[in-house]
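Here are my notes on this one, as promised. Have a look at the model, then go through the points below.

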Amino acid sequence: MPFHFCYNAYAMQGYEFIDHTADAGIVAHGKTLEEVFVNAARGMTSLMVDPESISERARREIVAEGADTEELLVAWLNEILYLFDAEGMLFRRFEIEHLNGRSIRGTAYGEKADPSRHEIKAQVKAATYHQLKIERDGDGFHGRVILDL
Amino acid sequence: MADWKKELKKIDDYRWELSPDFKEGMRVPGLIYTDERMLDQVGEEQAPEQVANVAFLPGIVGKSLAMPDIHWGYGFPIGGVAATRTSDGVVSPGGVGFDINCGVRLLRTNLTESDIRPRIERLIARLFTEIPSGVGSEGRIRLKGNQIDRVLERGARWAVEEGYGEPEDLEFTEEKGQLRGADPAHVSQRAKTRGTPQLGTLGSGNHFLEIEVVREIYDEAAAKTFGVEHVGQVLILIHTGSRGLGYQVCEDYLKTMGAAVKKYGIRLPDRQLACAPVESEEGKAYLAAMACAANYAWANRQCITHWTRQTLAEVFGKSPEELGLKLIYDVAHNIAKIEEHTVNGKRLLLCVHRKGATRAFPAGHPDVPAAYRKVGQPVLIPGDMGRYSYVAVGTQKALEETFGSTCHGAGRVRSRSAAKRDLSAQEVAEALASKGITFKVTSKASLVEEASEAYKDVTDVVEVADGAGISRKVLKAQPIGVIKG
């Protein structure tokens, strides 16, 4: 595989980026699948905006379904993108209340995007199924997802 | 990773073939249009692997093709073209992409560079105000209730009926701006919710509106047919697509197709290639929804065209007619179309997927506007904002070899993150200024991500397409003003 995983400072934040010519990819790590999902959402958000600029003023319930855990990861991320596109919501923190192989329910905390405080760095069009993978590793799990920017 | 120099067999200076033996499951060979120099870049990524993966699609005919601007996508490579039999083949939403009917339209004016230079700052500032751009931008069209359904059914025709443009514009739009078979019942409420406020917006990323000056004319007769009379003439290029509505349609149907793959027992090497038989319930529903998204995109470009005309009229104190603001053409470069083609001497009804590829029909083809039928369909090929754009025409060779398709743009060589790592917004801004290009962008990040250094030189791409004969160069234009998201 051409990916060069750099287990450095990025690993500390629970996710790292992988280069893809047209788009961008994220590898999210976690001791549990819940952590992988949360870190993937945080990683994706950080591509769009500086997470430090988001205040926790509102929250949204996020519910998604999928045929398996990998599809569920894509559906979860796409749900977050939908809330940004349809309602302008940016999130700083994510919690997961329920996750099994077919469905997920969580809460995201953040606020409506405000051009005077949030510089949107990139629009993520969607999370894709391309080279999508969730695997067990020594420390727990990691999930890889390629985003269409 | 495979050693692509060994795997790809050189056919001639512009064609490299990938044997179906490369990967078990390939139904047809792959064919990449490129040259020795660009081949090195192509081989650095996984794009050739994706050409092989596309060859797995049931019902694929001819070859799994890649245009000269090929680069690594997801599922299909960008620049990928694949035709499947409608009788027993599949349609794959990944072969169209998220930005359904992302495309380009080109307007001409009767202005020259010297007319426009003194007012370019003001013009760009006014266009930037009048045409909403950037992430999350909302348009000034207020669609109520289910009015969006009319947009999805009628496309650019809806826009013209609402007063955004002239009936003549439709004549010069691929499919007359309205793809047949659109059925809003197959578009989810979420897609409509995303699309409703975004109609009439440019969006972000690589989307733009450019003021250009013709620098070279290679085919005077064809250029004249398209209303381009001389070097120095001012053109306007608009690049955008179906916004959040298209992304949601793609996302919805990737899920549907994920289940369909299991239902129909289709074996694929990449989940993003998920597909269903063209004639299945899932396949038909996707094509009906995709047509809606395509129509939305044509309506979007049509509305932007209208505001562009109004803004130029205001800045120059003349009517759009006096300024000669006519549509040259509008092409889709992310789309699947049902078309009839000759394969091995047989006429077949095919589903032609063009993912980052432009239709390039030759002179005489009935789908080319009557006014252009003697020269062929205009092909619009934007480069990056610091270099050039090209206009070409479709050829008979394209019809025979690539299901009437050619390249769509420059093609990335550097990822967005690499561009941001290696370049600063200030450097990019200075480079543009030094070339005499006025610009306005909503985000500094997009300025850097879209810098010339991040792209192949579009000239190289166009030369390969021209050399291979799948399109023929007509003219080259250079941007002097750009607005971007």
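1. Start with the weak spot: residues 1-11 of chain A stay under 50 in pLDDT (the predictor's confidence in each residue, from 0 to 100). For that stretch the model has 10 contacts beyond four places in sequence, a contact meaning two C-beta atoms, placed from the backbone, within 7 Å. Where pLDDT is low, the predicted coordinates should not be read in detail.

2. Chain A as a whole averages a pLDDT of 89, and 91% of the residues score at least 70. This is a predicted model, where local features need pLDDT of at least 70, side-chain atom pairs count only at pLDDT 80 or more, and totals for chains, interfaces and linings use all residues. Residues are numbered from 1 along each chain as its sequence is written, while chains are lettered from A and ligands numbered from 1 in the order in which they are written.

3. Now to strand S8 of chain A, residues 140-148 (strands are DSSP E runs of at least two residues, numbered from the N terminus). Seven of its nine residues are buried, so S8(A) is largely enclosed by the rest of the structure. Buried means 20 or more other C-beta atoms within 10 Å of the residue's own, with C-beta atoms placed from the backbone.

4. Which strands pair with S8(A), taking at least two DSSP bridges as a pair? S2(A), residues 24-30, runs antiparallel to S8(A) with seven bridges, and Ile26(A) sits opposite Val145(A). S6(A), residues 126-127, is antiparallel too, through two bridges; there Ala127(A) faces Leu147(A).

5. S7(A), residues 133-137, has five bridges to S8(A), again antiparallel. Lys133(A) stands opposite Arg144(A), and a hairpin of two residues links S7(A) to S8(A).

How values were computed
Buried ≥ 20, exposed ≤ 12 C-beta atoms within 10 Å, placed from the backbone. Helix = DSSP H or I, 4+ residues; strand = E, 2+ residues; numbered from the N terminus. Pairing = 2+ DSSP bridges.
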